[in-house]
Amino acid sequence: MFYFINEYILQKNSSVEHTAMNRVKLFNHYKQPAKIVTKTYDRLLHQTIGTFGLTDNEIVNMFDFFQEATAPMPIKVMHTDDLKLPLASEVTVGANFSQVAEGDRSTSNVGFIPGTVGRVFYQEFFDGLGNVIETNLWDWRGFKSATQYFGQNGKLILERYYTPSGKIAMEQYFVPDTNGQPLASRIIVKDYHGRGDLFFQNTDDLFTFFLGELSNQDDTTTTFISDRPGTGVKPLLALNDHSRKYVYLPINHAVDPNDPVHGTLDGFLAPAFEHFNHFDGFITATEQQADHLRQRYPQAKIAAIPAVTLLPATKTTLVTPEQRRAHSLLYVGRIAADKQIEQLLRMFALVKYQVPDATFDLFGYGSADYLTQMTDLVKELRLTTSVTFKDYDAQLADRYDHYQVLVNMATADGAPLAMPEAMGHGIPVVSYPFNYGPQAFIKDGQTGYVIDRGNALAMADKVRTLFTDDAQLTEMSQAAYDVAHQNWTRRKVWNRWQRFVQA
């Protein structure tokens, strides 16, 4: 079994999670059993993964594992009436929760799963003074998953987790930290497989034990690939068994992206490379990053394997530029200052001046404050009818065919998925150079343009040229499509994985 170690799968994910999701589908397509491993307690996990086309058999969560809830199970829809409230209860139904009272005293609230009609998510109970003293938490699949208990100060002191049958599986105790906030002090796995109670100091220690248990239950050799260094590196360093252990690098390995060979290593990756002999190999998304790492660690096993997989061109159809929305510009990524969104908007204003019907859609999520700043800038630049912040879109693959050009003005990034994904849809990419991605994906002047960093005027000029020269846009679109569907086909990427992990 292959396990891809992640922290979580959320409703809004980064390229780290999307890379893991692409990979688990690739492995299982070729009948190689693989699962994404997640660490975070998440009662909506089994709803969320369906949004991304994953099945329950393609993921294993640490809490599910100890709660004996990893196997696919029938979904039971729970409503307030199913909670067996006391006969004296009076229920007032609201949009997001129902209030439960006995006479004049409010006894509990029943909260609903977001986006559903009355489906139970939690039930919080009040004391005579209206303080929350206990909360039952319900899993998306319809069983009571946990109970939280609160002290007189309203702070969490205990969480108790259950199996779907109602047996207590784990308990987690909390003490106040220096700021008075709950800090996990002990986790108890109750009578684990008849071996008695197991004690852990925190979820990090429990996660290390969990990975060991995954390895122990396999009849054949287990292979772990850590996708999030901050989640997987230390537990894998502590795992001294016969499993195979790899680290995937989703980020720049050096703190200074302009000094990849000699610069200080990222803090999460440093322990892995300090003990590189403990690992069977390291994986990057680009050959450029692999080369930089080989210069630093010539004895380590390092390979570059694309994060995107496509069908060969013979099995797909290119949507031509004239079939797309005319003069449509696209950005995909975080909406954050380090992605230079302000510069992107100002660059687009230059394009708009010369191509009046040009539009610019930005897909991605960011902080509310920064998004407000950028929305205000759009108003200042008088672009409100042309620029749209589309937020995160789980079905982004279905949107690419609407756009003609993708842009990126980041100064540092770790092989952004949007570039090869866009090229796979025949979208030329115009980007600043950075480690890693643009030079690896873009053939300058053929499949897009790599623009000198800081030269927004030159980028605007290239975008304008593509928007106004139909022949050039069509040629570059076809070239981007051909390169993507020749180099990143599912079979070629799978063969790379096979060669690397079997070497």
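Which helix does His 292 lie in? His 292 belongs to helix 7 (residues 287-296), where helices (H or I, at least four residues) and strands (E, at least two) are DSSP runs numbered from the N terminus. Before going further, a word on the source: this is a predicted model, in which local features need pLDDT of at least 70 and side-chain atom pairs count only at pLDDT 80 or more, while totals for chains, interfaces and linings use all residues. Residues are numbered from 1 along each chain as its sequence is written, and side-chain values use heavy atoms, with hydrogens and water left out.

**Around His 292**

His 292 is buried, with a relative accessible area of 13%; buried means under 20%, exposed over 50% and partly exposed in between, with a 1.4 Å probe and protein chains only. Leaving aside neighbours within four places in sequence, His 292 is in contact (heavy atoms within 4.5 Å) with His 253, Pro 260, Val 261, Asn 435 and Tyr 436. Two of these names deserve a second look, for a cis peptide bond with omega of about 15° joins Asn 435 and Tyr 436. Tyr 436 sits in the loop between strand 22 (429-431) and helix 11 (438-441).

**Strand 15 and its partners**

Strand 15 (residues 244-248) is largely enclosed by the rest of the structure, because 4 of its 5 residues are buried. Strand 14 (residues 223-226) pairs with strand 15 in the parallel sense over 4 bridges; two strands pair if DSSP finds at least two bridges between them. Here Thr 223 stands opposite Arg 244 of strand 15. Together with helix 5 (residues 229-237), strands 14 and 15 make a right-handed β-α-β unit: with the strands pointing away from the viewer, the path from the first strand over the helix to the second runs clockwise. Strand 15 also pairs in the parallel sense with strand 16 (residues 281-284), over 3 bridges, and Ile 283 in strand 16 is the bridge partner of Tyr 248.

**The largest cavity**

Tyr 248 turns up again in the lining of the largest cavity, where Tyr 248, Pro 250, Ala 285, Gly 414 and Ala 415 lie nearest the centre among 13 lining residues. A cavity is a set of points, on a 1 Å grid over the protein atoms alone, where a 1.4 Å probe fits but cannot get out, and lining residues have an atom within 4 Å of a point. The whole structure holds 4 cavities of 30 Å³ or more, and the largest has a volume of about 90 Å³, counted as the space filled by probe spheres set on the points, which are joined across faces, edges and corners. Helix 1 (residues 15-29) gives the most to this lining, with 3 residues. By class, the lining of the largest cavity has 9 nonpolar, 4 polar and no charged residues; Ala, Val, Leu, Ile, Met, Phe, Trp, Tyr, Cys and Pro count as nonpolar, Asp, Glu, Lys and Arg as charged, and the others, Gly among them, as polar.

**Two positive phi values**

The table sets out two residues other than glycine with a positive phi.

| Residue | Phi | Loop | Relative accessible area |
|---|---|---|---|
| His 193 | near 50° | between strand 12 (182-189) and strand 13 (198-200) | 63%, exposed |
| Arg 382 | about 60° | between helix 9 (368-380) and strand 20 (387-391) | 75%, exposed |

**Ser 106**

Finally, Ser 106 has its place in strand 6 (residues 105-112) and is partly exposed at 33% relative accessible area. Not counting residues up to four places away in sequence, Ser 106 touches Val 100, Ala 101 and Phe 126.

Terms used: On a 1 Å grid over the protein atoms alone, a cavity is a set of points where a 1.4 Å probe fits but cannot get out, and a pocket is an open set with protein on both sides within 12 Å along at least five of seven lines; lining residues have an atom within 4 Å of a point.
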